[in-house]
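Me: I'm new to reading protein structures. Could you walk me through this one with a few questions and answers?

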Amino acid sequence: MQIRDKIIESTQEIFSTMVMMDVTASEELPENKSIHCESITGLIGLAGTYKGVLAIHMPNAVALAVTGSFLGMDVEEINADVEDAIGELANMLGGNIKTILSENGKDINLSLPSTISGKEYNFQLASDAAERTVIGFDAESGRFHVELQLEK
Amino acid sequence: MGKNVLLIDDSSTMRKIIGRSLRQAGIEFDNIFEAGDGIEALALLENEKVDIILSDINMPNMDGISFLREKANRPAIKNIPVLMISTETGEDIIGEAKSLGAVGSIKKPFTPDKVNEVLGPLL
């Protein structure tokens, strides 16, 4: 199974079991864009045998719906709860990617999750040598993207 | 007298989700205490009676492995069982946690059924 299929499987498992939300992978090739507007990005770094970053990019409206479903409450603005929830989604996804790539769990280290949000920001390749995989997912509230930049 | 649980995770979202999963699994506690890292947990354990601990591994300030090591050196709390709930699944890391006293592990993401399956026999 290719890494793209693993990302799709992991993302759908996390959303169905923890967020209580079904998401489907988009067949469309995502635009090759690094600028995100009115969005929030949760990210986690990988270091060791593989180096890179796993990111989940969500427009604010999608992030609010996802956080609301995750926490079982209404969320009306991008706040600490949303940042924590989107960061934790990146953390779980990063953990699954680590399990796929790692041989024994100690050859790859994960960073703590962090988030970026704002009216407009640029999320660039960590390195020219990094291989980039971007997959779009559709939820009822809209589309979001999962991005893996990986360098062996 | 009922039982008390301590949830250790740097994510407030995850602490809420674990608490919700416990309720959905039909596991009732008198008190659910929360800590954001190992240091907060050790401070809380000085004042509260806790019957079981559910802990993340990757956390700032004091991670789950360091917490287990520190807890093992404190006679008053060293026998409280700890169940790891983490994205970490590597045999080396889980093995290290178990060698330091962890009684089991649950991988994130998890379902209430999985929580019940692993935690139920420990109560």
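Reply: Happy to! A handy definition to begin with: two strands pair if DSSP finds at least two bridges between them. Keep in mind that this is a predicted model.

Me: Which residue stands opposite A:His36 in S5(A)?
Reply: Start with the strands themselves: S2 (residues 35–48) of chain A and S5 (residues 114–122) of chain A pair in the antiparallel sense. Eight bridges link these two strands. Across from A:His36, on S5(A), you find A:Tyr121.

Me: And what is the bridge partner of A:Ile44 in S3(A)?
Reply: S2(A) also runs antiparallel to S3 (residues 51–59) of chain A, joined by eight bridges. A hairpin of two residues connects S2(A) to S3(A). Within S3(A), the partner of A:Ile44 is A:Leu54.

Me: Are H2(A) and H3(A) roughly parallel or roughly perpendicular to each other?
Reply: Helix H2 (residues 60–71) of chain A packs against helix H3 (residues 80–101) of chain A, with axes 9 Å apart and an angle of about 80°. Angles of 65 to 115 degrees count as roughly perpendicular. The two helices, H2(A) and H3(A), are therefore roughly perpendicular.

Me: Now chain B: is B:Leu122 buried, partly exposed or exposed?
Reply: B:Leu122 lies in the segment after helix H5 (112–119) of chain B. Beyond its neighbours within four places in sequence, B:Leu122 touches B:Ile52, B:Leu83 and B:Val103. Buried means under 20% relative accessible area and exposed means over 50%. Because its relative accessibility is 34%, B:Leu122 counts as partly exposed.

Notes: Residues numbered from 1 in each chain as written. Chains lettered and ligands numbered in written order. Predicted model: local features only at pLDDT ≥ 70, side-chain atom pairs only at ≥ 80, totals over all residues. Heavy atoms only, no water. Helix = DSSP H or I, 4+ residues; strand = E, 2+ residues; numbered from the N terminus. Buried < 20%, exposed > 50% of the residue type's maximum accessible area, 1.4 Å probe, protein only. Contact = heavy atoms within 4.5 Å. Axes fitted to C-alpha atoms, helices over the stretch in contact; angles between N-to-C directions. Parallel < 35°, antiparallel > 145°, perpendicular 65-115°, else oblique.
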